[in-house]
Amino acid sequence: MSHAEMGAATPVLSVRGLVKHFPVQRGVVISRTVGQVRAVDDVSFDIARGETLALVGESGCGKSTTGRLVLRLIAPTGGSVQFKGQEIATASDEQMRSMRRHLQIIFQDPYASLNPRMTIGDILTEPMAVHGIGNPAERGERVKELLQVVGLLPEHARRYPHQFSGGQRQRIGIARALAVQPDLIVCDEPVSALDVSIQAQVVNLLQDLQKRFGLSYLFIAHDLAVVKHISDRVAVMYLGKLVELADKKALYARPLHPYTQALLSAIPRPEPGLERTRILLTGDVPSAMHPPSGCRFHTRCPHAQDRCRSEEPVLRDAGPGHRVACHFFETLPLPAGVAPVEKQDQGRFAVRLAAFEAARRPSAPA
Ligand code: SF4
């Protein structure tokens, strides 16, 4: 479903001008603040009901911090996060408790996110008990149902996390998130610790559950093949800023920001006849404590000009639902390495996508 098709529906999540600066302290006896890490700087986006917005970028770009701010696992420095019209950033503890039921997270590491001393039944019962859902007998029934929903067996409730594979543990993590019937799930790199074939099963499960329960996802990832498969829209982050936001098809067919173009060019395509020129970014990723002046990408951008060093570009309209933060995107050539979208479905991309499709065939869950 494209964003346009979703029309003017009220967003489930509305983020405006979100800012998170972490103070940097120095000194052993008397510590003092010597600077700020500007992890998230003026980020805005919406997520509609039933939509998946992917948030992508290199490690350290602020995407996971954004996910944690959305859930108020950390407090924002500024800006607004509204969940179904209710402000999260300033909600009281009481308001936050009732909102938390509808906002869940799936973590990257299925090994670390489950308490090894609890049975699966207890792990799934805990969030229901915290939110006062059902009586013990009803919770027991719900645990069995949840295990079946994610492709496991009711008798697995008696086992412990170490008795499961990585893919099965991630299924348990998903069941835990579903236990309280959420509206929005922040998926923080949910498949990057898993093998490719198991990634496909978990991504397909997330999609099936989305259709079944009308879930919205904020899908945080760095793997653009996974993102292409699961997202409706994609937001690209660089050094705490959104640099491009577009419908998935538009972004993969015609990436307009030089950083997005570089990210897409890095997807390997070994097949003959489909040449892709890898756009190599020079220089290190600058420190978020001292981000470059003007456009934060100017120290690595192959198209940087004087204006880029002094004036910060704002996100501007570049087509229906497509926004780009670059002074010159209208005049920049589309690099040879970025193929039209129909060609992107060939080669290694297709191999990855075929793995996703193959995983849809019924088989024992990994
Ligand atoms: Fe590159 Fe300048 Fe555009 Fe920034 S504003 S992405 S430095 S061309």
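Colleague: Of the 366 residues of the chain, what percentage count as buried?

Modeller: First, this is a predicted model, where local features need pLDDT of at least 70, side-chain atom pairs count only at pLDDT 80 or more, and totals for chains, interfaces and linings use all residues. Residues are numbered from 1 along each chain as its sequence is written, and side-chain values use heavy atoms, with hydrogens and water left out. Buried means under 20% relative accessible area, with exposed over 50% and partly exposed in between (1.4 Å probe, protein chains only). By that cut-off, the buried share of the chain is 52%.

Colleague: Which residues have the most contacts inside the largest nonpolar core?

Modeller: A nonpolar core is a set of buried Ala, Val, Leu, Ile, Met, Phe, Trp, Tyr and Cys residues joined through side-chain atoms within 4.5 Å. The largest one here has 65 residues, and the two with the most contacts inside it are Ile 174 and Leu 178.

Colleague: And which helix gives the most to this core?

Modeller: Helices (H or I, at least four residues) and strands (E, at least two) are DSSP runs, numbered from the N terminus. Six residues of the core come from one helix, spanning residues 196–213, and that is H7.

Colleague: Which strands stand at the edges of the eight-strand sheet?

Modeller: Two strands pair if DSSP finds at least two bridges between them. The sheet is open, with mixed pairing and the order E6-E7-E8-E3-E9-E10-E12-E11. Each edge strand has a single partner strand, so one side of each is left without a neighbour in the sheet: these are E6 (103–106) and E11 (316–319).

Colleague: What angle does helix H6 make with E6?

Modeller: Axes are lines fitted to C-alpha atoms, for helices over the stretch in contact (heavy atoms within 4.5 Å). Angles run from 0 to 180 degrees between N-to-C directions. H6 (residues 166–178) packs on the sheet, touching E6 and E7, and its direction makes with that of E6 an angle of about 175 degrees.

Colleague: What is the strand order in the sheet of four strands?

Modeller: That sheet is open too, and its pairing is antiparallel. Its edge strands, E2 (32–47) and E5 (86–87), each pair on one side only. The order is E2-E1-E4-E5.

Colleague: Which residue in E4 is the bridge partner of Arg 16?

Modeller: Strand E1 (residues 13–26) and strand E4 (residues 78–83) run antiparallel, joined by five bridges. The partner of Arg 16 in E4 is Ser 80.
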